[in-house]
Amino acid sequence: DPRPAATVLFYPGELPGEGDEIGSLGIGGPVLAIFAADDTRLSLEDQAGFAALLNAAGRDFDRTIYEDENRNFVKAREFTRVGAPIRAWLEFLTFLQDEIQTPQRN
């Protein structure tokens with residue numbers, strides 16, 4: 001199956017505006033979206049609309065909105081700072097650990 005087993009979106013640049021624009025996103029596995037509440041490119045309404053489209057399409061979808069954070073808040077140099085950057089990164093790693101399974105060999 002060439003489709004992604006899972007998809008993670010860190011504050012994406014653009015979101016689909018209509019159901020037919022979702023395409024294959026999430027068709028091969030769950031989707032995790034990590035958003036910033038103070039994102040100047042994606043309003044909270046845009047983020048909620050995106051969630052509604054994925055849910056209406058029957059995709060397995062989770063999202064987290066980090067309050068008091070701006071776009072691009074997850075940066076490697078800030079992982080030593082306690083707060084949203086490290087929480088978001090750990091959420092990402094946990095999602096991958098939970099969702100990506102190594103096929104069993106017989």
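The points below describe a predicted model of one chain, from its overall layout to its cores and aromatic pairs.

1. Overall make-up. The chain has two helices and three strands. Read from the N terminus, these elements follow the order β-β-α-β-α. Of the 106 residues, 36% are buried. The accessible surface amounts to about 6700 Å², and carbon and sulfur atoms account for 48% of that area. Among contacts between residues at least 6 apart in sequence, 70% link residues at least 24 apart.

2. The sheet. The three strands make an open sheet, ordered β1-β2-β3, with parallel pairing. β1 (7–10) and β3 (61–66) are the edge strands, each pairing on one side only. On average, neighbouring strands of the sheet are turned by 10° against each other, direction ignored. Four bridges join β1 to β2 (residues 31–36) in the parallel sense. Within the sheet, F10 is placed opposite I34 of β2.

3. Helices on the sheet. Helix α1 (residues 44–56) packs on the sheet and touches β1, β2 and β3. The direction of α1 makes about 170° with that of β3. Helix α2 (residues 84–99) also packs on the sheet, with β1, β2 and β3 again the strands touched. For α2 the angle is given against β1, and it is about 170°.

4. Faces of β1. The side chains of this strand alternate. T7 and L9 point to one face and are buried. V8 and F10 point to the other face and are not buried. L9 is also one of the residues of the largest nonpolar core, which is taken up next.

5. The largest nonpolar core. This core has 12 residues: L9, L15, I22, V31, A33, F35, L42, F50, A51, L53, L54 and F61. β2 and α1 are the elements that give two or more residues to it. The most comes from α1, which supplies four residues. L53, a member of this core, touches P16, G17, E18, G19 and I22, leaving out residues up to four places away in sequence.

6. The other core. Apart from the largest core lies another, made of 11 residues. Its members include A6, A36, F73 and F95.

7. Aromatic pairs around F50. Eight aromatic pairs are found in a search of the whole structure. One of them is F35 with F50, whose ring centres are 6.5 Å apart and whose planes stand at 90°, so this pair is edge-to-face. F35 belongs to strand β2 and F50 to helix α1, so the pair ties together parts that are 15 residues apart in sequence. Both partners are buried: F35 has 0% relative accessibility, and F50 has a relative accessible area of 1%. F50 also pairs with F61, again edge-to-face, at 5.6 Å centre to centre and 85° between the planes. As F50 lies in helix α1 and F61 in strand β3, this second pair ties together parts that are 11 residues apart in sequence. F61 is buried, as is F50. F35, F50 and F61 are among the residues of the largest nonpolar core.

8. An aromatic cluster. F10, Y11, Y66, F73, W89 and F92 form one aromatic cluster. Two of its members have already come up: F10 is the residue opposite I34 in β2, and F73 is among the residues of the 11-residue core.

9. Q47. Which residue of helix α1 counts as buried at 0% relative accessibility? Q47, found in helix α1, has that value and counts as buried because the limit is under 20%. Setting aside neighbours within four places in sequence, Q47 is in contact with L15, F35, A36, D39, L42, R63 and I65. Of these contacts, L15, F35 and L42 are among the residues of the largest nonpolar core, while A36 is among those of the other core. Q47 thus has contacts that include residues of each of these cores.

Note on methods. Residues are numbered from 1 along each chain as its sequence is written. This is a predicted model: local features need pLDDT of at least 70, side-chain atom pairs count only at pLDDT 80 or more; totals for chains, interfaces and linings use all residues. Side-chain values use heavy atoms; hydrogens and water are left out. Two strands pair if DSSP finds at least two bridges between them. Axes are lines fitted to C-alpha atoms, for helices over the stretch in contact, and angles run from 0 to 180 degrees between N-to-C directions. Contact means heavy atoms within 4.5 Å. Buried means under 20% relative accessible area, exposed over 50%, partly exposed in between (1.4 Å probe, protein chains only). Accessible areas come from the Shrake-Rupley method with a 1.4 Å probe; for residues, only the protein chains shown count as cover. A nonpolar core is a set of buried Ala, Val, Leu, Ile, Met, Phe, Trp, Tyr and Cys residues joined through side-chain atoms within 4.5 Å. Rings of Phe, Tyr and Trp (its six-membered ring) pair if their centres lie within 6.5 Å; planes under 30 degrees apart count as stacked, over 60 as edge-to-face and the rest as tilted.
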